[in-house]
Amino acid sequence: MKYIFVSGGVISGIGKGIATASIALLLKSAGFKVSPIKMDPYLNVDAGTMNPIEHGECFVLDDGTETDQDLGHYERYLNESLNKNNIATQGSIYLSVIQKERNLEYDGASVDVVNYITEEILSRVRQAGRSKNADIVLVEIGGTAGEYQNVLFLEANRQLKLKKHDDVLHVHVTYLPIPGSLGEMKSKPAQMSVRDLNAVGIQPDIILARAERPLDQSRIKKLAVSTGLEPEYIISAPDVKNVYSVPLKFEEQGLTEKILGKLGLKRKQTDLKEWGAFVESSEKEGKTVKIGIVGKYFTSGDFSLMDSYISVIEAIKHASFKLGVRPEVTWLDASKLEINPEQLSKFDGVIVPGGFGARDVEGKIKAVQYVRENNIPYLGLCYGMQLAVVEFARNVLGLKGAHSTEVDQETDHPIIHIMPEQIKTLLKREYGGTMRLGAWEADLKAGSKIRALYGREKTSERHRHRYEVNNEYRDRLEKAGFKVVGQSPDNKLVEIMELEGHPFFVGSQFHPELKSRPLDPHPMFLGFIEAASRK
Ligand code: GLN
């Protein structure tokens, strides 16, 4: 097995995840089995307990593992579903070591951070490879070089390199700023981040130089001299409009060959045709479709919101590119919609995505009412479906004060309620990893719009929630035209609802966006975007 570690330098958020996903795709297209693993430095055992504003979206895998958005990048680029072996947080690593210590599995040794933690890190790396029978494991190290947080991951990398010199490669993704006051690209921060790596015993083999613009020869030379790399191993990675074009840009610079050469491997094939065609379709002109996303996770500008709903945005793109239209996404603050839902009239389609808690809930409900009454295509994702049911109960069934018990425990009409097993875990304050999580099957109802979109009788979709539609109200909802068109195989859980006589008004209890892939857009998003483009 070969190992590629990917680290970041200078600043966070320069696209290490996209870079890792792109390299994974390139190696796969060259005929190798790859398995990526994200090493997250935080002490949370998983991403499920983290605030999305701080950490971005929580990406859920089929097996229910709650991970960060990089796993989403890996799955989208590789077009493969990953599992718990493809993520490790520092918290989960410490937890295993401490559990083993408590079970006397270390035979009374004094359990030090080095080598017990580093050994556990390497065992996770090997497990990631074994679980996919991989030729190459890609290890993305969270955080930036030079900080305390990720130093044990780098130490594990150093130790593995000592043991298996020719099988271990290090790719450093760093950043060259162009300060506005100077107008000149500066390489010093990148030189320093490499020096930070050197200080912990790591010499990168390849540098991916992120910058606003491509690097010029003099910058490449300077970096090469100061880092001790041949200039050909410094790859220019300028900002791009379309992140899906990154693998192709790397391929143009011969990155695949350079990596394979360093690992002593030979390309078996080149298979980037489908990806190339997708990228081409994503860059074509087309009719603009205006989509509004109603959210609340934005306190520090639009950027954090985008990160909180990254899979939703990507799913919109995948479906739009397939249908030959250009999506234009606007963020709508739910609190403002409560006062003025008319601003939704200018959109071709509206999404209420997943969410938690009481804040801004009335604004979201107002938004749903407006699009329902005004025939604007609507897609409700998890909370977005639950709130559509609440709105319908109040305004069509006339059930005054109907609500989800997540927001109003005293409501006369708990149309969305919590399952009994869930109440038990909450009483015990067991919040981590206890929601209805991961892939669950759903039967799709014959004759429904959704069934036609899927083109099959069953689906399996990813969940992350505690509350469900209350079955006591199902008949009333259906009689009034809000139909259950997807349900669990035992008929007990509502999975998809569809409103009759509306151009497109669909909600799902699961998150379809988590299974949308560039080469395989999700049927629900295809239906939604198609309806929006008709408006
Ligand atoms: N808050 C809702 C629940 O827990 C919806 C969660 C979500 O949108 N993912 O059921």
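This is a stop-by-stop tour of a predicted model, with a selection to make at each stop.

**Stop 1: the seven-stranded sheet**

Start by colouring the strands. Seven of them make an open sheet, and reading across you get the order 5-2-6-1-7-8-9, with parallel pairing. At the edges sit strand 5 (87-89) and strand 9 (234-238), each with a partner on one side only. If you look along the sheet, neighbouring strands are turned against each other by 20° on average, direction ignored.

Now zoom in on residues 34-40 and 136-141. These are strand 2 and strand 6, which run parallel and are joined by 6 bridges. Pick Lys-38 and you'll find Glu-140 of strand 6 opposite.

**Stop 2: helices across that sheet**

Select 151-163 next. This is helix 6, and it lies across strand 1 (2-8), strand 2, strand 6 and strand 7 (168-176). Its direction is at about 140° to strand 7.

Then add 188-199, which is helix 7. Helix 7 lies across strand 1, strand 7 and strand 8 (206-211), and runs at about 150° to strand 7.

**Stop 3: helix 4 meets helix 5**

Show 90-102 and 113-131 together. Helix 4 and helix 5 pack at about 115°, with axes 10 Å apart, and their crossing is right-handed. For the contact itself, turn on side chains for Ser-92, Ile-93, Tyr-94, Ser-96, Val-97 and Lys-100 in helix 4, which meet Val-113, Tyr-116, Ile-117, Glu-120, Ile-121 and Arg-124 in helix 5. By type, the residues of this contact split into 7 nonpolar, 2 polar and 3 charged.

While you're here, there are two backbone oddities to check. As background, most residues other than glycine have a negative phi, and most peptide bonds are trans.

- Select Val-114 and Asn-115: the peptide bond between them is cis, with omega near 10°. Asn-115 belongs to helix 5.
- Select Leu-104, in the loop between helix 4 and helix 5. Leu-104 isn't a glycine, yet its phi is positive, at about 60°. Is Leu-104 buried or exposed? With a relative accessible area of 58%, Leu-104 is exposed.

**Stop 4: the two sides of helix 11**

Jump to 273-282 and show all the side chains. Which residues of helix 11 are buried? They are Trp-275, Phe-278, Val-279 and Ser-282. These four sit on the same side of helix 11 because they cover an arc of only 100° around the axis. The general rule is worth recalling: an α-helix has 3.6 residues a turn, so residues three or four places apart point the same way. Spin the view to the other side of helix 11, and there you'll see Lys-273 and Glu-280, both exposed.

To see what the buried residues pack against, add helix 1 (16-29), helix 3 (69-78), helix 9 (246-252), helix 13 (310-323) and strand 11 (325-333).

**Stop 5: strands 12 and 13**

Select 349-352 and 378-381. Strand 12 and strand 13 pair in the parallel sense over 3 bridges, and Val-352 stands opposite Gly-380. Strand 13 is covered on both faces: Tyr-378 and Gly-380 are buried on one side, Leu-379 and Leu-381 on the other. In a regular strand, side chains alternate between the two faces of the sheet.

Then pick Asp-360, in the loop between strand 12 and helix 15 (361-373). Asp-360 has a positive phi near 65°. Its relative accessible area is 17%, so Asp-360 counts as buried, the cut-off being under 20%.

**Stop 6: the three-stranded sheet**

Finish with another open sheet, this one of 3 strands in the order 14-15-18 with mixed pairing. Strand 14 and strand 18 (467-469) are its edges, each pairing on one side only. Strand 14 (residues 403-404) pairs with strand 15 (residues 414-418) in the parallel sense over 2 bridges. Add 383-395 to bring in helix 16, which packs on the sheet, touching strand 14, strand 15 and strand 18. The direction of helix 16 makes about 150° with that of strand 15.

Last pick: Ser-404, which lies in strand 14. Ser-404 is buried, at 1% relative accessibility. Its bridge partner in strand 15 is Ile-416. What does Ser-404 touch, not counting residues up to four places away in sequence? Select Val-390, Ile-416 and Tyr-467 and you have the answer.

How values were computed:
Residues numbered from 1 in each chain as written. Predicted model: local features only at pLDDT ≥ 70, side-chain atom pairs only at ≥ 80, totals over all residues. Heavy atoms only, no water. Pairing = 2+ DSSP bridges. Axes fitted to C-alpha atoms, helices over the stretch in contact; angles between N-to-C directions. Contact = heavy atoms within 4.5 Å. Buried < 20%, exposed > 50% of the residue type's maximum accessible area, 1.4 Å probe, protein only. Arc of directions from axis to C-beta. Left-handed = near helix turned anticlockwise from the far one by under 90°. Nonpolar A, V, L, I, M, F, W, Y, C, P; charged D, E, K, R; others polar.
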